[in-house]
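Visitor: I'd like a close look at one part of this model, taken slowly. Please start at the end of a helix and work outwards from there.

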Amino acid sequence: MSLLRFYKERQEKQQRELEQLSKRSYRVADLLNVLPDRYLPLTTKVVLLEYLISSIHLLGRHKLVVDLESALPGYLQLLEELKLGQQASINDKVQTHVQLSHVQQGLQSVPLLLRGLVNSDLVDKATAKDQVAQIRFSYCLAHHDLLVKEAQASLELDKKASALEKLRLALAEMEKVATFEQADPVLKKLQNTIQRIETELFGNNSTAS
């Protein structure tokens, strides 16, 4: 009797683990669809993709992810491209508030996924810590991109004061992650654009900044 119970409990435990793996796999697949390469660091994307591919192979034996199995050739091809440094959506920037919300929500769930991979010994702690820091940069960058787009739209309508307000907000957003090397060119470009518009609005003696 106790042996039967042991097998039953082991079977139930395995089923729970497979269901958890299945849920995590779908979450990773969703993230890969939602997050452009501009906001998902290359290393993170490779780690998540390798995890997804190995999970599909495992879950496929239990017929749990039939739809993901059909997408497997595409994932394998994407992994090859990433390993060659080819990032198809590297120039895709956030265009709307809805997209920003989706991207930021997606980025917020990446650290939790990485923690799960660390606990499963699939990623080392140092790599995960570095990736989580990169995600923080991407989170601010996405908001910056939308603010700059809105500022450009204001400039096209000759609404310089409105554009300036948006650009200052973008600057404040990027200053949160100013310690990142990638932030330097973004900050310099913003500061130059702000200075130019301030000069146009207030003249050379502007103290409005």
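Which residue follows α5, and is its phi positive or negative?

Guide: Right after α5 comes D121, and its phi is positive, near 60°. Before we dig in, note that this is a predicted model, in which local features need pLDDT of at least 70 and side-chain atom pairs count only at pLDDT 80 or more, while totals for chains, interfaces and linings use all residues. Residues are numbered from 1 along each chain as its sequence is written, and side-chain values use heavy atoms, leaving out hydrogens and water.

Let's stay with D121 for a moment. Its positive phi of about 60° comes even though D121 is not a glycine. You'll find D121 in the loop between α5 and α6. D121 counts as exposed because its relative accessibility is 71% (exposed is over 50% relative accessible area, buried is under 20%, and partly exposed is in between, using a 1.4 Å probe and protein chains only).

Now step back into the helix itself. Helices here are DSSP runs of H or I with at least four residues, numbered from the N terminus. Helix α5 takes in residues 97-119, which makes 23 residues. Its expected span (1.5 Å times one less than the number of residues) is 33 Å, and the end C-alpha atoms of α5 are 34 Å apart, so the two agree.

Trace along α5 and you can pick out its buried residues: L100, V103, Q104, G106, L107, S109, V110, L113, L114, G116, L117 and V118. An α-helix has 3.6 residues a turn, so residues three or four places apart point the same way. What do the buried residues of α5 pack against? Their partners are α1, α2 (42-60) and α6 (125-156).

Take α1 next, which covers residues 2-34 and includes S25. With a relative accessible area of 0%, S25 is buried. Setting aside residues up to four places away in sequence, S25 touches L52, S55, L59 and L68 (contact means heavy atoms within 4.5 Å).

One of those partners, L52, turns up again in the largest nonpolar core. That core has 58 residues, and those with the most contacts inside it are L52, Y75 and M174. (A nonpolar core is a set of buried Ala, Val, Leu, Ile, Met, Phe, Trp, Tyr and Cys residues joined through side-chain atoms within 4.5 Å.) Our helix α5 is among the elements that give this core two or more residues; the others are α1, α2, α4 (72-83), α6, α7 (160-175) and α8. The largest share, 10 residues, comes from α6. In soluble globular proteins, nonpolar side chains tend to be buried together.

If you click on M174, you can see who is around it. Not counting residues up to four places away in sequence, M174 touches F137, C140, L141, H144, A183, V186, L187 and L190.

Next, follow α6, the helix that packs against the buried residues of α5. Look for E150, which sits in α6. E150 is buried, as its relative accessible area is 19%. Leaving aside neighbours within four places in sequence, E150 is in contact with H97 and K166.

Past α6 there's another loop to compare with our starting point. D158 lies in the loop between α6 and α7. Like D121, with its positive phi of about 60°, D158 is a residue other than glycine that has a positive phi near 60°. D158 counts as exposed because its relative accessibility is 55%.

K159 is found in the loop between α6 and α7 too. With a relative accessible area of 47%, K159 is partly exposed. If you want a ruler check here, go from K159 to E175: the two are 16 residues apart along the chain, and their C-alpha atoms are separated by 25 Å.

So here's a route to try on screen. Begin at D121, just after α5, go back along the buried residues of α5, cross to S25 in α1, and move on to L52 and M174 in the core. Then visit E150 in α6, and finish with D158 in its loop.
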